Amino acid sequence: MKYWIRGILAFVVLFAFAMPMSAMAKTQPGDVLVTLGKGLSDAQEESVLDEMDVNREDVEIIYVNIDEEREYLGDYISDEKIGNQTISSTKITMLEEGKGLDVKTHNITYVTEGMYANALLTAGIQDAEIFVTAPFPVSGTGGLTGILKAYDQKTDVKISDEQKKVANEELVRTAQLGEDIGKEKATQLVTRIKQEMAENPVETKEDLQQLIQKVAKDLDVNLTDEQMSKLVTLFNHIKNLDIDWGQLKNQLQKVSQQLDEFLSDEDTQSFFSKVLNAIGSLIDTIKSWF
């Protein structure tokens, strides 16, 4: 009887030690996750893995197909833009807490690095170095699908279906707006709106519309009624997600800094152009006095 008691006690102790282990994260800082588009040929797969500097034997590869892509994007974007097969692939390197998101792309034509970062933050993904690539120019819509699938399967980050849907909606809406006002400007607008929502929570759609109008005016962006309507709908969906706005605000700072650095180059050139034009006008005016 004593042996049975000892056996039961041993099992209880082992079970107690096993519980914390199961609650631990599946991934640690430095771990690498790789997703490949199912539409790649064998040769293209090897080319992409070489570009990622990853050995096939060292990672478990997660494949993403066109049906998975359409599942989340189909409500917001045409099949023509999605394409007939998934090509874009990703390398995800886990970072320590607080490091933020660092996104780089290659051969991605429709989605910018800032768009990926914003959508991923909406989905609850933080602190990672992400590289989205393809062997030839593609839209890049499958990149987000792959990243979300990798996190679902290999990490302890819980991403609800609603978060996935809204993240994809955000990606598409920002890209569509970017076709009208410029990709980086559209990304900057979305980032600033999120920052304002983090600092000044809104309650109603009317409050949300006023906030968007304020940010657009600050950035010298003129929105059409249709664009405004889509943004209000998008950010109302974001508002209703279970988001830690404090953490999101901290993560958005890095995205905002990267955008400001990019746009400052254009702004600086524009500034000097305006200064030179002003000097020329001043000289012409002085000449007219004499």
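Visitor: Which residue stands opposite Ala 128 in β5?
Guide: Met 94 stands opposite Ala 128. Please bear in mind that this is a predicted model.

Visitor: Which strands does that pairing belong to, and in which sense do β3 and β5 run, parallel or antiparallel?
Guide: β3 and β5 run antiparallel, and 6 bridges join them.

Visitor: Is Ala 128 itself buried or exposed?
Guide: Ala 128 counts as buried, because its relative accessibility is 0%, and the cut-off for burial is under 20%. Its place is in strand β5.

Visitor: What does Ala 128 touch, leaving out residues up to four places away in sequence?
Guide: Ala 128 touches Ile 92, Thr 93, Leu 95, Gly 100, Leu 101, Asp 102 and Tyr 151. Of these, Leu 95 is 33 residues from Ala 128 in sequence, yet the two C-alpha atoms are 4.9 Å apart in space.

Visitor: Does Leu 95 turn up elsewhere? For instance, which residues lie nearest the centre of the largest pocket?
Guide: Leu 95 does appear there, together with Glu 97, Gly 98, Gln 126 and Asp 127. The lining of the largest pocket comprises 22 residues, and the volume of this pocket is about 470 Å³.

Visitor: Which element gives the most to that lining?
Guide: Helix α11, residues 245–289, gives the most, with 4 residues.

Visitor: Back to β5, please. How many bridges does it form with β4, and in which sense?
Guide: Strand β4, residues 101–108, pairs with strand β5, residues 128–138, in the parallel sense over 7 bridges. The chain passes from β4 to β5 through helix α5, residues 113–122, and this β-α-β crossover is left-handed.

Visitor: Which residues of β5 are the bridge partners of Val 103 and Ile 108?
Guide: Val 103 has Ile 130 as its bridge partner in β5, and Ile 108 has Val 138.

Visitor: What about Asn 107, what is its phi?
Guide: Asn 107 has a positive phi of about 65°, although it is not a glycine. Most residues other than glycine have a negative phi. Asn 107 is found in strand β4 and is partly exposed, since its relative accessible area is 22%.

Visitor: And the loop after β4: where is Thr 112?
Guide: Thr 112 lies in the loop between β4 and α5. With a relative accessibility of 9%, Thr 112 counts as buried. Leaving aside residues up to four places away in sequence, Thr 112 touches Lys 183, Glu 184 and Thr 187. Thr 112 and Thr 174 are 62 residues apart in sequence and 9.5 Å apart in space, C-alpha to C-alpha.

Visitor: Changing topic, which residues of helix α2 are buried?
Guide: In α2, which spans residues 42–52, the buried residues are Glu 45, Val 48, Leu 49 and Met 52. They lie on the same side of α2, because they cover an arc of only 100° around the axis.

Visitor: What covers them, and which residues are exposed on the other side?
Guide: The elements covering the buried residues of α2 include β1 (32–37), β2 (61–64), β3 (89–94) and β5. On the other side of α2, Ala 43 and Asp 50 are exposed.

Visitor: What follows α2?
Guide: Asp 53 follows α2. Asp 53 is found in the loop between α2 and β2. Its phi is positive, about 60°, although Asp 53 is not a glycine.

Visitor: Is Asp 53 buried or exposed?
Guide: Asp 53 is exposed, because its relative accessible area is 67% and the cut-off for exposed is over 50%.

Visitor: Finally, the whole chain: how many helices and strands, and what share of residues is buried?
Guide: The protein chain has 11 helices and 5 strands. Buried residues make up 44% of its 290 residues.

Visitor: What share of contacts joins residues at least 24 apart in sequence?
Guide: Among contacts between residues at least 6 apart in sequence, 78% join residues at least 24 apart.

Methods: Residues numbered from 1 in each chain as written. Predicted model: local features only at pLDDT ≥ 70, side-chain atom pairs only at ≥ 80, totals over all residues. Heavy atoms only, no water. Pairing = 2+ DSSP bridges. Helix = DSSP H or I, 4+ residues; strand = E, 2+ residues; numbered from the N terminus. Right-handed = clockwise from strand over helix to strand, strands pointing away. Buried < 20%, exposed > 50% of the residue type's maximum accessible area, 1.4 Å probe, protein only. Arc of directions from axis to C-beta. Contact = heavy atoms within 4.5 Å. 1 Å grid on protein atoms, 1.4 Å probe; cavity = no way out; pocket = protein on both sides within 12 Å on 5 of 7 lines; lining within 4 Å. Points joined across faces, edges and corners; volume = space filled by probe spheres on them.
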